[in-house]
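Subject: Structure handover

Hi,

Here is the structure you were after, with my notes underneath. Have a look at it first and then read on.

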Amino acid sequence: MRKTSSLILTLSLSLLLGVVACDNSPNGERIPEDLTTLNIIDDDYRNFYEIYVGSFYDSNGDGVGDLKGVEQKLSYIKDLGYNGIWLMPIFTSPSYHKYDAEDYFEIDPDFGTMEDLKDLVEAAHEMGINIILDLMINHSSATNQLFIDAANDYARYLANPSGYVKPSTLSNKDWYVFQEGASGGYTNITIGGKTFYYESNFSANMPEFDLDNEGVRDYFESIAHYYLSEIGIDGFRLDAVLYYYYNQHERNQEYLTEFHDYCESINPDVYIVGEAWISTNYIKEYYANSSVESYFYFGANDVSGTIASSTGAGGSFLRSYFDLVVEDIPTNTMGPNNVPSIPAMFLDNHDTNRIAFSNMASTKFYYGLLAMLNGAVFTYYGDELGVTGAKSNGDPSLRCYMPWDEGEFTGKTNNPEGATTNYIYPSYEEQKDDANSIYNYYKKANLLRNQLPSIARGQITSVGENTNCFDIMSTPKSDEYYLTIEKTYGEEVICIIINFNINETLTYNYLEHGYNEVVGQLVVDANTYIGLKGEGNLSLPPQAIAIVRK
């Protein structure tokens, strides 16, 4: 059963979250804002913060970020408005990225100890922050003892098939996918004079488990039980779920349901989000046919995704965002046991280009558009400071150090080998006191999600019906580059008004459309604000977002 009770909190927020402007601004009368009251519901529609531990904060001066460093920065994360943390892989591993686990029951010593993880989880829970762990079920490291034992056992089997006896080791030849002949996606190995091949879809160091083996399934249930029961984590981010049974969607969905339901038997409030890099139609099938509540939506991420592309041509491309809201996000898909889908929305992550670029206003606006969507939202560490990184420079460049300050500073981490850095925006220490910073924009956007549960959870009742945005026009009028999204949650009805134009101010009369009050404001330029001109006429500056309520 999900928790549904609301927790009304107050939080002392910096006045920097308010917009500032000269008294003679043409925007009209300033509308008061509530910057302190929160209405955070303890469910899975959270604001998540994704952390690569090795580059976040170094607590002991060895140049590598660690779990103690994350614990020391929990107040930073909470103050930003995040109430969920996704820890990228932390198990022992020979790689810097650690997606190839050597031992699922040990924390990589670079990152700390199991006690450190326990302490982090306990401290996070005291602050109302849930923690989910990255879990790689499809493959392990080739240096994992499970694979070493299994490969040796397969070699023994090849040497004497008729005399084969199952070994006493935990794993055996049936734990991984082996075959005698070469084929695509397989790597060769020679043991005892016998050459054979193992499935390795990602790299030679990542052999694929055989999930047809009940022993493998039991093993991952034991992992889930340990971290949910003994450590107290709140769920898992499941890596590469399409590779459990490579592109066999029905079998993947069956296993995902089995794993999820087992986890739910340990913790009824467990949260699981799956990585399925696949088209929207297939994602909807995964929601409908598995009990996993969330899957990442990849269509909106990166500079080519539906969010960034909707801001092009001065705002006239907003149809891309309209389609995202109306058609692409499966908010109404019901899975087994009538569990509603909770879309996992994000702008970038460790596998994609960082979303920040030299246009600060658009960099902010991207997150504002993300924050207005249904579901859970995920932010990659450093995005709130405008950290950049290009996939073309290699994965290490997507995992560069967190710029807490300029130059050399306490907690600074070394970059992964081969990483290329280019910090075009100031550090946290400079941004935190700047009302116009990317940091304070993210903070304000998260505040709105934490004040108005209807943003993430509301049923969408109308989109764009009060506009002529989508008429085919050769020379569209600037004031037609806006979108309205009405959402209903319980007895609350809100409307989100978004001005997509990058140059012109929009006027919108909320009283004429049946709304009574302004409850949210978000602007990309803190030198202006959303004002009131006459009875009910809102003045929305370029790329501004207003929220009104009935």
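The centrepiece of my notes is a closed barrel of eight strands, in the order β4-β5-β8-β12-β13-β14-β15-β16, with parallel pairing. Two strands count as paired if DSSP finds at least two bridges between them. Helices (H or I, at least four residues) and strands (E, at least two) are DSSP runs, numbered from the N terminus. Neighbouring strands of this sheet are turned by 25 degrees against each other on average, with direction ignored.

Before going further, the small print: this is a predicted model, in which local features need pLDDT of at least 70 and side-chain atom pairs count only at pLDDT 80 or more, while totals for chains, interfaces and linings use all residues. Residues are numbered from 1 along each chain as its sequence is written, and side-chain values use heavy atoms, with hydrogens and water left out.

Where does the barrel close around β4? Strand β4 (residues 47-51) runs parallel to strand β16 (residues 376-380), and four bridges join them. Asn-47 has Val-377 as its bridge partner in β16, and Glu-50 has Tyr-380. β4 also pairs with strand β5 (residues 84-87), again in the parallel sense and over four bridges; there Phe-48 stands opposite Gly-84.

β4 is mostly covered, with five of its five residues buried. Buried here means under 20% relative accessible area, exposed means over 50%, and partly exposed is in between (1.4 Å probe, protein chains only). In a regular strand the side chains alternate between the two faces of the sheet. In β4 both faces are covered: Asn-47, Tyr-49 and Ile-51 are buried on one side, and Phe-48 and Glu-50 on the other.Now the helices. α5 packs on the sheet, touching β8 and β12 (235-238), and its direction makes about 135 degrees with that of β12. Contact means heavy atoms within 4.5 Å. Axes are lines fitted to C-alpha atoms, for helices over the stretch in contact, and angles run from 0 to 180 degrees between N-to-C directions.

How do α3 and α5 sit against each other, and at what angle do their axes cross? The axes of α3 (residues 114-126) and α5 (residues 214-231) come within 11 Å and cross at roughly 60 degrees. That makes α3 oblique to α5, given that angles under 35 degrees count as roughly parallel, over 145 as roughly antiparallel, 65 to 115 as roughly perpendicular and the rest as oblique. On the α3 side the contact is made by Met-114, Leu-117, Lys-118 and Val-121, and on the α5 side by Tyr-226, Tyr-227, Glu-230 and Ile-231. These residues divide into six nonpolar, no polar and two charged (Ala, Val, Leu, Ile, Met, Phe, Trp, Tyr, Cys and Pro count as nonpolar, Asp, Glu, Lys and Arg as charged, and the others, Gly among them, as polar).

A few loop residues are worth a click:

- Asn-144 is in the loop between β8 (130-135) and α4 (145-159). Asn-144 counts as buried at 3% relative accessibility, and beyond its neighbours within four places in sequence it is in contact with Ala-101, Glu-102, Asp-103, Tyr-104 and Tyr-176.
- Lys-173 is in the loop between α4 and β9 (178-179), and it is buried, with a relative accessible area of 15%. Leaving aside neighbours within four places in sequence, the contacts of Lys-173 are Ala-150, Asp-153, Tyr-154, Tyr-157, Tyr-164 and Phe-178.

Then there are the backbone angles. Most residues other than glycine have a negative phi, and most peptide bonds are trans. Ala-240 is not a glycine, yet it has a positive phi of about 50 degrees; it is found in the loop between β12 and α6 (249-266) and is buried at 5% relative accessible area. Asp-302 also has a positive phi, about 75 degrees, without being a glycine. Asp-302 is in the loop between β14 (294-297) and α8 (306-309), and its relative accessible area of 15% makes it buried.

Further along the chain, Ser-462 lies in strand β17 (residues 459-463) and is buried, with a relative accessible area of 12%. Ser-462 and Ile-485 are 23 residues apart in sequence, and their C-alpha atoms are 6.0 Å apart in space. Not counting residues up to four places away in sequence, Ser-462 touches Thr-484, Ile-485 and Glu-486.

Last, the cysteines. How many disulfides does a search of the whole structure find? Zero, taking a disulfide as a pair of cysteine sulfur atoms within 2.5 Å. Cys-400 is buried, with a relative accessible area of 2%, and Cys-495 counts as buried at 2% relative accessibility.

Cheers
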